[in-house]
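Opened a new page for this one. I want to go through the packing first, then one side chain that caught my eye.

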Amino acid sequence: MKKYSKLALSALVFGAMIFTSCSSDDDSNPPATPSIYERLGGTTMVADPDNPGQMIEQGRLSYRKVVNSTVGLIVADIQANASGNLGAHFAPILGEVGAGNTTNLAILVDNLTDFFSFNTGGTNAVNTYSGLDMVTAHNPSLNPRMGTTSSDANYTKFVGYVGAAANQNGVAANTQLYADIVAVLESLRDPIVQ
């Protein structure tokens, strides 16, 4: 009987600890993690370095800088004929840029900035994404601006470019912000790799 009493007493104490630790005190709930967009500067208005006299949300500017840096890294690898470069994917746009037409490149940069801003917490109208869905955008038979389909290796290479661009723009690789950005990119792998 003594054995059962100790067991019952232990269960009672353990149960009391669980119920006490699960109480709904507002002070015990950790604050919600701000969105990626908020952690990149959010809706704070700053001077737009690319458009003198205009203001831009810091979160949007942060994304635009990463997108522009990503494009620069991709182009540098293509020009250097680096192994595994993504030249075939961007051939239509690169051909236009080579001929002096940067219109579709600017549209691509704006669309990527809109897409990431909107999908990571940018709620103001300036961050509305109106481009193609990811499956259509990455299917060359449906989108003539896409040169070829992507493999897992191609997409991994792209994620690496974005990671390097994020590093260049102040997002350290060993941070939760970086991990969260990579998680967003990984969530897009299935619709992009076709």
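Which residues does Val 171 touch, not counting residues up to four places away in sequence? I looked them up: Leu 40, Ala 166, Leu 177, Tyr 178 and Ile 181. Note to self: this is a predicted model.

**Core.** I pulled up the largest nonpolar core next, and it has 27 residues. Val 171 is among those with the most contacts inside it, along with Tyr 155, Phe 158, Leu 185 and Leu 188. I then checked which elements give two or more residues to this core, and got α2 (36–39), α3 (58–79), α5 (103–119), α7 (152–168) and α8 (176–187). The largest share, 7 residues, comes from α7.

**α3 against α7.** How do these two helices pack, and at what angle? I get about 125°, with the axes 8 Å apart. Oblique means neither under 35 nor over 145 degrees, and outside 65 to 115, so α3 is oblique to α7. I noted the crossing as right-handed. On the α3 side, I listed Val 66, Ser 69, Thr 70, Leu 73, Ile 74 and Asp 77 in the contact. The α7 side includes Phe 158, Tyr 161, Val 162 and Gln 168.

**Arg 189.** This residue sits in helix α9 (residues 189–192). Is Arg 189 buried or exposed? Its relative accessible area is 14%, and the cut-off for buried is under 20%, so I wrote down buried. Leaving aside neighbours within four places in sequence, I find Arg 189 in contact with Asp 152, Tyr 155 and Thr 156. For Asp 152, I also checked the backbone oxygen: it lies 3.1 Å from a polar atom of the Arg 189 side chain. Tyr 155 was already on my page as one of the core residues with the most contacts.

Note on methods: Residues are numbered from 1 along each chain as its sequence is written. This is a predicted model: local features need pLDDT of at least 70, side-chain atom pairs count only at pLDDT 80 or more; totals for chains, interfaces and linings use all residues. Side-chain values use heavy atoms; hydrogens and water are left out. A nonpolar core is a set of buried Ala, Val, Leu, Ile, Met, Phe, Trp, Tyr and Cys residues joined through side-chain atoms within 4.5 Å. Buried means under 20% relative accessible area, exposed over 50%, partly exposed in between (1.4 Å probe, protein chains only). Helices (H or I, at least four residues) and strands (E, at least two) are DSSP runs, numbered from the N terminus. Contact means heavy atoms within 4.5 Å. A polar contact is a pair of N or O atoms within 3.5 Å; within protein, one must be able to donate a hydrogen and the other to accept it, and residues adjacent in sequence count only if both atoms are side-chain atoms. Axes are lines fitted to C-alpha atoms, for helices over the stretch in contact, and angles run from 0 to 180 degrees between N-to-C directions. A crossing is left-handed if the near helix is turned anticlockwise from the far one by less than a right angle, and right-handed if clockwise.
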